[in-house]
Amino acid sequence: MTTADRSDRTDSSRPMSDLYDVINRRRDVRSEFTGEEIDPDTLYRVLGAAHSAPSVGLSQPWDFVLVRDEATRRAFREHVLAERNVFAAELSGERAKTFSKIKVEGIVESSLGITVTYDPDRGSPAVLGRHAIADAGLYSVCLAIQNLWLAATAEGLGVGWVSFYREDFLRRLLDIPSGVRPVAWLCVGPVRELAETPDLERHGWRSRLRLEDVVHDGKYRHDFTR
């Protein structure tokens, strides 16, 4: 280890700046996957970060289904494209034109599909902290997904969350038990680059709100527009 390396490791400001850099570089990836294999040690670290997420009552209600089989991924992609057409049929005019340019998945192009599930029975019947907020377990799964996403970004991998699917279809495709909910199909793998601007902003679908537009001091403000 060089003197410069030691200096980097002892610089207390560096880990914090690295964290913010990863947060700001994170993207929902569709087109940039290279298809290269993910190093097993890297994948283990990323899944370990996901599994380290906080969870209500320490219930850890998530599971991670790793999908490598090409036939399975192609079957899921066909379903997703059909659902994309369903959504497209609801649009008209400029909105339809804009959406036609947007790619909604990288299922086949990515190296791996990871389906993250939610098991509401994990830790039951007495899940500490869930008695008043039934969705607290689902929130825990979303925290695991965010951990996975940030860790993957730090490792130089891209992640794309596919949401154009029916839960029953994905449950049947991956033989997920009826009581377990598939929350996300994540496309994961090495990328050529991470885009500077999110796809939906770049294509003009939506613009990012200013922080000032979403911060309320004391009580919820009703006198502003979004």
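Colleague: Is Cys-187 buried or exposed?
Modeller: Bear in mind that this is a predicted model. Buried means under 20% relative accessible area. Cys-187 has 0% relative accessibility, so the verdict is buried.

Colleague: And Cys-142, which class does that one fall into?
Modeller: The class between buried and exposed covers values that are neither under 20% nor over 50%. Cys-142 comes out at 34% relative accessibility, so call it partly exposed.

Colleague: How many disulfides are there?
Modeller: A disulfide needs two cysteine sulfur atoms within 2.5 Å. For Cys-142, the nearest cysteine sulfur is that of Cys-187, 17 Å away. Neither Cys-142 nor Cys-187 is in a disulfide, and the count comes to 0.

Colleague: Which element gives the most residues to the largest nonpolar core?
Modeller: That core has 25 residues, and Ile-114, Ile-145, Leu-148 and Leu-186 touch the most other members. The elements giving two or more residues to it are α3 (40–51), β2 (112–118), α6 (136–154), β3 and β4. With 8 residues, the top contributor is α6.

Colleague: How many residues are in the other core that lies apart from it?
Modeller: Phe-76, Leu-91, Ile-107 and Cys-187 are among the members of that separate core. Its size is 20 residues.

Colleague: What does Leu-148 touch, leaving out residues up to four places away in sequence?
Modeller: Leu-148 is one of the residues touching the most other members of the largest core. Its contacts outside that sequence window are Val-46, Leu-47, Ala-50, Phe-64, Ile-114, Val-159 and Leu-186.

Colleague: What is the distance between the end C-alpha atoms of α6?
Modeller: The helix has 19 residues, and at 1.5 Å a residue it should span 27 Å. The model agrees with that expectation, as the end C-alpha atoms are apart by 27 Å.

Colleague: Which residue with a positive phi follows α6?
Modeller: Its phi is near 85 degrees. The residue is Gly-156.

Colleague: Why is β3 described as largely enclosed by the rest of the structure?
Modeller: Strand β3 covers residues 157–162. It is largely enclosed because the number of its 6 residues that are buried is 5.

Colleague: Which residue of β4 is the bridge partner of Gly-158?
Modeller: Strand β4 (residues 181–190) runs antiparallel to β3, and 6 bridges join the two. In β4, the partner of Gly-158 is Gly-189.

Colleague: Where does Pro-54 lie, and what is it in contact with beyond its neighbours within four places in sequence?
Modeller: Pro-54 sits in the loop between α3 and β1 (62–67). Its C-alpha is 23 Å from that of Ser-163, with the two positions 109 residues apart in sequence. Leaving aside those sequence neighbours, Pro-54 is in contact with Trp-62, Ser-140 and Leu-143.

Colleague: Which feature does UniProt place at residues 23–189?
Modeller: Over that stretch the chain is 41% helix and 17% strand, with the end C-alpha atoms 18 Å apart. The label comes from an unreviewed UniProt entry, which reads "domain: Nitroreductase".

Colleague: In what order do the elements of the whole chain run?
Modeller: The secondary structure comes to 8 helices and 4 strands. From the N terminus on, the order is α-α-α-β-α-α-β-α-β-α-β-α.

Colleague: What share of the contacts with a separation of 6 or more comes from residues 24 or more positions apart?
Modeller: The chain has 226 residues, of which 38% are buried. For those contacts, the share is 79%.

Notes:
Residues are numbered from 1 along each chain as its sequence is written. This is a predicted model: local features need pLDDT of at least 70, side-chain atom pairs count only at pLDDT 80 or more; totals for chains, interfaces and linings use all residues. Side-chain values use heavy atoms; hydrogens and water are left out. Buried means under 20% relative accessible area, exposed over 50%, partly exposed in between (1.4 Å probe, protein chains only). Two strands pair if DSSP finds at least two bridges between them. UniProt positions are given in the numbering used here, feature names are shortened, and annotations may be inferred rather than shown by experiment. A nonpolar core is a set of buried Ala, Val, Leu, Ile, Met, Phe, Trp, Tyr and Cys residues joined through side-chain atoms within 4.5 Å. Contact means heavy atoms within 4.5 Å. The expected span of a helix is 1.5 Å times one less than its number of residues.
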